[in-house]
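Q: Please take a close look at the charged side-chain pairs in this protein. I would like to know where each partner lies, how well it is covered, and which parts of the chain are brought together.

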Amino acid sequence: MRFQFLWEFIKNNCYVMLLVWLLLFIFFKMAVAGRGGVPRITGKMYRYFIGLSFLFYILILLYVTILSREPFAERRVMLTFLWEYRLALAGSLFWVFQILNNIILFVPMGVMYGELGRKSSWWRAILVGAGTSAMIEGMQFVLKAGLCETDDVFNNTIGMMLGYTFWLFCDKILR
């Protein structure tokens, strides 16, 4: 179920897509607060933006982590912690970008967790990030759709926390 054009677009534009979404998030957050000379919008419009963003994000997340992958003949597991970092430190740019992509993949989740979570906190953000990532890794294992590994859970949790930190900063400044 891999649509090559979609995969190439996401892969080649993931950093731009994240930056554009974060800028839109800041714009809408400013607009709902009536700050910075931005035209004021209603809370309902803001909730639509967050809801559509969340839906779009979940679809991209599922596509990138599960649906875009060709199944392997056997299940693959790598439980060695920080093996990607060792390869990146040895000079492999491929693994540097692999780590960065896994971190960036969960930044929007951290922002939306802060925005949608009624009782958001650091430890809950860590649990949600690690739990969601572990669930994806488990699905990859069951469906033979990628390498099930601990480094992805670690990197995704870092991304979740970066997104949550960004949300905390925006919420404090733009409130």
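A: Glu74 is partly exposed, with a relative accessible area of 40% (buried is under 20%, exposed is over 50%, partly exposed is in between, with a 1.4 Å probe and protein chains only). This is a predicted model, in which local features need pLDDT of at least 70, side-chain atom pairs count only at pLDDT 80 or more, and totals for chains, interfaces and linings use all residues. Residues are numbered from 1 along each chain as its sequence is written, and side-chain values use heavy atoms, without hydrogens and water.

The partner of Glu74 is Arg76, and the closest N and O atoms of this salt bridge are 3.4 Å apart (a Lys or Arg side-chain nitrogen within 4 Å of an Asp or Glu carboxyl oxygen). Arg76 is likewise partly exposed, its relative accessible area being 37%. Elsewhere, salt bridges with shared partners link Lys29, Glu115 and Asp171 into one network. The whole structure contains 3 salt bridges.

Within the network, Lys29 meets Glu115 at 3.0 Å, N to O. Lys29 belongs to helix α1 (residues 4-33) and Glu115 to helix α5 (residues 107-116), so this pair ties together parts that are 86 residues apart in sequence (helices are DSSP runs of H or I, at least four residues, numbered from the N terminus).

Lys29 also pairs with Asp171, where the closest N and O atoms are 3.2 Å apart. Because Lys29 lies in helix α1 and Asp171 in helix α7 (residues 150-174), this salt bridge ties together parts that are 142 residues apart in sequence. Both Lys29 and Asp171 are buried. For Lys29 the relative accessibility is 8%, which is why this lysine counts as buried. As a general matter, side chains of opposite charge can pair when their charged atoms come close.

Helix α7, which holds Asp171, also packs against another helix. The axes of α7 and helix α4 (residues 93-105) come within 6 Å and cross at roughly 50 degrees. The helix α4 is therefore oblique to α7 (under 35 degrees is roughly parallel, over 145 roughly antiparallel, 65 to 115 roughly perpendicular, and the rest oblique). Axes are lines fitted to C-alpha atoms over the stretch in contact, with angles from 0 to 180 degrees between N-to-C directions.

In summary, Lys29 has salt bridges to Glu115 in helix α5 and to Asp171 in helix α7, whereas Arg76 pairs with Glu74.

Notes: Helices (H or I, at least four residues) and strands (E, at least two) are DSSP runs, numbered from the N terminus.
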